[in-house]
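Please find below my notes on the model you sent. They go point by point, beginning with a term that the rest relies on.

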Amino acid sequence: MPLDLLPALMLSIVLVGYSPGPANLFALSMVLRHGRAGALQMWLGLLAGYSCAAAICVVAVHFAGLAFGSWIGHIRYLGAAYLLWMAYGVYAARGQASARHGTCSFWSGFVVQMTNAKMLLFEMTVYSSFVLPYSDRLADLFVVAALLTLAGPGGNLAWLLAGSFLQGLFARHRRTADVLTACCLAACALWIALA
């Protein structure tokens with residue numbers, strides 16, 4: 001990747017990684033329900049899930065090249081359905097101290113990140129836009145994948161910490177926060193399905 005494309009890549013990382021999305025909203029929801037210590041354990045799962053998903057994407061994109069995009073359109077519907085399921089779980093638990101949907105554990109974070117359609121589509125877009133036109137080396141794809149960790153787990157951690165600092169405010173308005181979170185997840189699902 002030419003260095004003059006680095007600012008565009010970094011802007012993409014900030015815009016996509018730190019905007020509301022499934023894993024960011026999940027991190028926020030878990031810190032509000034379970035506190036910082038439990039949510040940090042779940043964040044380790046987000047980090048591990050992201051790392052596994054990124055490695056799988058790199059290898060798949062490397063070996064499939066641009067032909068990989070021919071079936072990605074169908075995967076987004078599964079991702080959108082999963083997001084709607086998450087939205088329902090958050091909405092159904094509105095105002096309750098602990099959610100009936102989703103636990104705050106390493107494995108819940110891992111599963112959320114492995115199925116995070118927003119990040120998977122973003123990774124494939126970045127690889128096909130910023131790397132493949134200039135290099136087909138697997139090492140170059142992994143370098144960019146490591147940089148994308150700022151977008152995935154970095155954004156998740158930012159939302160988790162923000163939720164931790166604002167926990168008192170959200171606790172007073174838990175029902176409203178849950179409804180808004182569920183609406184944001186549903187909006188993410190629609191954006192993915194209709195994109």
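1. A residue is called buried under 20% relative accessible area, exposed over 50%, and partly exposed in between. Leu-6, at 32% relative accessibility, therefore counts as partly exposed. Leu-6 is found in helix α1, which runs over residues 6-17. Keep in mind throughout that this is a predicted model.

2. Overall content. The protein chain has nine helices and zero strands, so the pattern along the sequence reads α-α-α-α-α-α-α-α-α. Of its 195 residues, 44% count as buried. The chain exposes about 9,400 Å², and carbon and sulfur atoms supply 72% of that area. Among contacts between residues at least 6 apart in sequence, 87% join residues at least 24 apart.

3. Nonpolar surface. Leu-6 also belongs to a nonpolar surface patch of about 710 Å². The other residues that make this patch are Met-1, Leu-3, Met-10, Val-14, Tyr-18, Tyr-134 and Leu-150. On the sequence side, a general remark applies: an α-helix has 3.6 residues a turn, so residues three or four places apart point the same way.

4. Helix α5. This helix covers residues 117-131, and its 15 residues should span 21 Å at 1.5 Å a residue. The end C-alpha atoms are 20 Å apart, which agrees with that expectation. Because 11 of the 15 residues are buried, α5 is largely enclosed by the rest of the structure. The buried set includes two charged-type names, Lys-118 and Glu-123, along with Ala-117, Met-119, Leu-120, Phe-122, Met-124, Val-126, Tyr-127, Phe-130 and Val-131.

5. Largest nonpolar core. Which members of this core touch the most other members? They are Leu-9, Ile-13, Phe-122, Val-126, Tyr-127, Val-144 and Leu-148, out of 21 residues. Helices α1, α2 (22-64), α5 and α6 (138-147) each supply at least two residues of the core. The largest share, eight residues, comes from α5. Leaving aside residues up to four places away in sequence, Val-144 touches Leu-9, Val-126, Tyr-127 and Val-131.

6. Second core. Another core, of 20 residues, lies apart from the one around Val-144. Among its members are Leu-28, Met-30, Ala-87 and Ala-182.

7. Tyr-50. This residue is found in helix α2, and at 2% relative accessibility Tyr-50 counts as buried. Tyr-50 and Leu-120 are 70 residues apart in sequence, with their C-alpha atoms 9.1 Å apart in space. Beyond residues up to four places away in sequence, Tyr-50 touches Gln-113, Met-119, Glu-123, Leu-148, Thr-149, Gly-152 and Pro-153. Of these contacts, Met-119 and Glu-123 are among the buried residues of α5, while Gly-152 and Pro-153 are among the buried residues of α7.

8. Helix α7. With 14 residues, α7 reaches 20 Å from its first C-alpha to its last, close to the 20 Å expected at 1.5 Å a residue. Its buried residues are Gly-152, Pro-153, Gly-155, Asn-156, Trp-159, Leu-160, Gly-163 and Ser-164.

9. Asn-156. Is Asn-156 buried or exposed? With a relative accessible area of 2%, Asn-156 is buried. Its place is in helix α7, residues 152-165. Not counting residues up to four places away in sequence, Asn-156 touches Ala-23, Asn-24, Ala-27, Trp-43, Leu-46 and Gln-113. Gln-113 is also touched by Tyr-50.

10. Val-31. The place of Val-31 is in helix α2, and its relative accessibility of 0% makes Val-31 count as buried. Val-31 and Trp-159 are 128 residues apart in sequence but 9.1 Å apart in space, C-alpha to C-alpha. With residues up to four places away in sequence left out, Val-31 touches Arg-36, Ala-39, Leu-160, Gly-163, Ser-164 and Gln-167. Leu-160, Gly-163 and Ser-164 are among the buried residues of α7.

11. Salt bridge. How many salt bridges does a search of the whole structure find? It finds one. Asp-140 forms a salt bridge with Arg-137, and the closest N and O atoms are 3.7 Å apart. Asp-140 is partly exposed, with a relative accessible area of 22%.

Terms used. Residues numbered from 1 in each chain as written. Predicted model: local features only at pLDDT ≥ 70, side-chain atom pairs only at ≥ 80, totals over all residues. Heavy atoms only, no water. Helix = DSSP H or I, 4+ residues; strand = E, 2+ residues; numbered from the N terminus. Expected span 1.5 Å × (residues − 1). Buried < 20%, exposed > 50% of the residue type's maximum accessible area, 1.4 Å probe, protein only. Patch = residues over 30% accessible without salt bridge, like charges linked within 9 Å, V, L, I, M, F, W, Y side chains within 5 Å. Areas by Shrake-Rupley, 256 points an atom, 1.4 Å probe, with all protein chains shown as cover. Salt bridge = Lys/Arg side-chain N within 4 Å of Asp/Glu carboxyl O. Core = buried A, V, L, I, M, F, W, Y, C linked by side-chain atoms within 4.5 Å. Contact = heavy atoms within 4.5 Å.
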